[in-house]
Amino acid sequence: MNPAAGSPGGGTPVTLTGSNFTQAMAVRFGPNFALSYTVVSATQITAVAPPGSGTVQITVTTPAGTSNGVAFGYAAAPTLTAISPASGPATGGTTVTLTGTNLLGATAVRFGAVNATSFTAVSATQITAVAPAGSGAAQVTVSGPGGTSNGVSYAYVVVAVPVLTAVSPGQGPVGGGNTVTLSGSGLTGVTAVTFGSTPALSFTVVSATQITAVAPPGAAGPVQITVTGPGGTSNGVTYFYVGVPTLTGASPAQGPTAGGTTVTLTGTNLLGATAVRFGAVNATSFTVVSATQITAVAPSGSGTVQITVVTPGGTSNGVSYTYVPTPVLTSLSPTQGPLGAGTTVTLFGSGLTATGSVVFGSTPASFTVVSDTWVTAIAPSGPAGPVNVHVITVGGSSNSLVYTRVAPPGI
């Protein structure tokens, strides 16, 4: 038979399938006669169930006798007590949970006169259903073998398409992982945030005007960030994926420990630099000249450090920069010589490796760097008397020692 259950009030049409039905004289639902029946063929009868309760046996009687019985259940009509959520967009698609009684065996869930897109009877007291498209207010009902339930109200609301107005920061590394803040309107209920065609790693709806999202990895260049909510998909705001900066050189690659040297850095992806560091110390100042060049003023320091550049794309590799100490002179040998040029003078001290010039008074001399502690110079000619001798290196100008030119004896 089909169906195997019906309303306690009767009236359910039931199709019976079997054999030898041609001369049927009666169809009974338990002790009660069917309200009506029709012999369709020797193998089929349609009958209208009378009122009843519980489970009864349906039998057919012919001149040859009474058939075996098949079970028919009188099912109680479903009832609904609540719906959650009680509203959704006019486009449909909202999954609602219906609670009530006698919901097992449900054959239909309707929003007004329109069937739910789909539904699942979870238990005798709960059904989940997907709302179809609609407008205004609708009564949601459940139909089953026992009849159709009372209705519970569901409101179709017009949900605005979300709008984005800004993203901050507007750029980040190609590796992703940075958090951006999206500003706009109609952001409540957003279900997706995408960077180009790639979903955000995660996102949080802070309010109707703000969302925070974690950027996924992407290729260098611009993408459009969009959000999707019940009202549809927003406009896009531009976000730039920035390549990791690289450094290929620093010129000059050394300077005094006091700092102040302007260093030109060359490399790639240097636009948007937010910091230039000499070791762990920020440059005194820097200027981004182009995507391949930055000038930076070295801070004070010592030894050899790595210069790095920080941009929204990350932190670059390092290039070496050496702090050169101020040279110191401790002695000269000899300390005097003739008025004419040509005397070889040995200068002893420290920090002499980077010597760039040796000066007698104001006159440069030719020189040879022997070691960090030893330089030889050819004294230039000059008038009789003392002159100050000093050396100049990248690290600065040394202290001065006295060299005396002695006139030859008179005749």
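Buried, here, means under 20% relative accessible area. Keep that cut-off in mind for two residues. One more thing before I start: this is a predicted model.

First, L270. Its relative accessible area is 0%, so L270 is buried. Where does L270 lie? In the loop between β32 (262-268) and β33 (275-278). So much for its place; now its surroundings. Setting aside residues up to four places away in sequence, L270 touches P245, T246, L247 and L265. V288, S290, A291, T292, Q293 and I294 also touch L270. V309 and T311 complete that list.

How far is L270 from G6? In sequence, 264 residues. In space, 77 Å, C-alpha to C-alpha.

Next, the annotation. The unreviewed UniProt entry carries "domain: IPT/TIG". That annotation covers residues 1-75, 77-157, 161-242, 244-324 and 326-404. Take two of these spans. Residues 161-242 are 0% helix and 61% strand. The end C-alpha atoms of that span lie 30 Å apart. Residues 244-324 are 0% helix and 62% strand. Here the end C-alpha atoms are 30 Å apart.

Now T61. This residue sits in strand β7, residues 54-62. Buried or exposed? T61 has 12% relative accessibility, so T61 counts as buried. Its side chain makes a polar contact with the side chain of T66, at 3.1 Å. T66 also appears among the contacts of T61 once neighbours within four places in sequence are left aside. The others listed are Q23, A24, M25, A26 and R28.

To recap: L270 is buried in a loop, and T61 is buried in a strand.

Technical notes: Residues numbered from 1 in each chain as written. Predicted model: local features only at pLDDT ≥ 70, side-chain atom pairs only at ≥ 80, totals over all residues. Heavy atoms only, no water. UniProt positions renumbered as here; feature names shortened; annotations may be inferred. Helix = DSSP H or I, 4+ residues; strand = E, 2+ residues; numbered from the N terminus. Buried < 20%, exposed > 50% of the residue type's maximum accessible area, 1.4 Å probe, protein only. Polar contact = N/O pair within 3.5 Å; in protein donor to acceptor, adjacent residues only side chain to side chain. Contact = heavy atoms within 4.5 Å.
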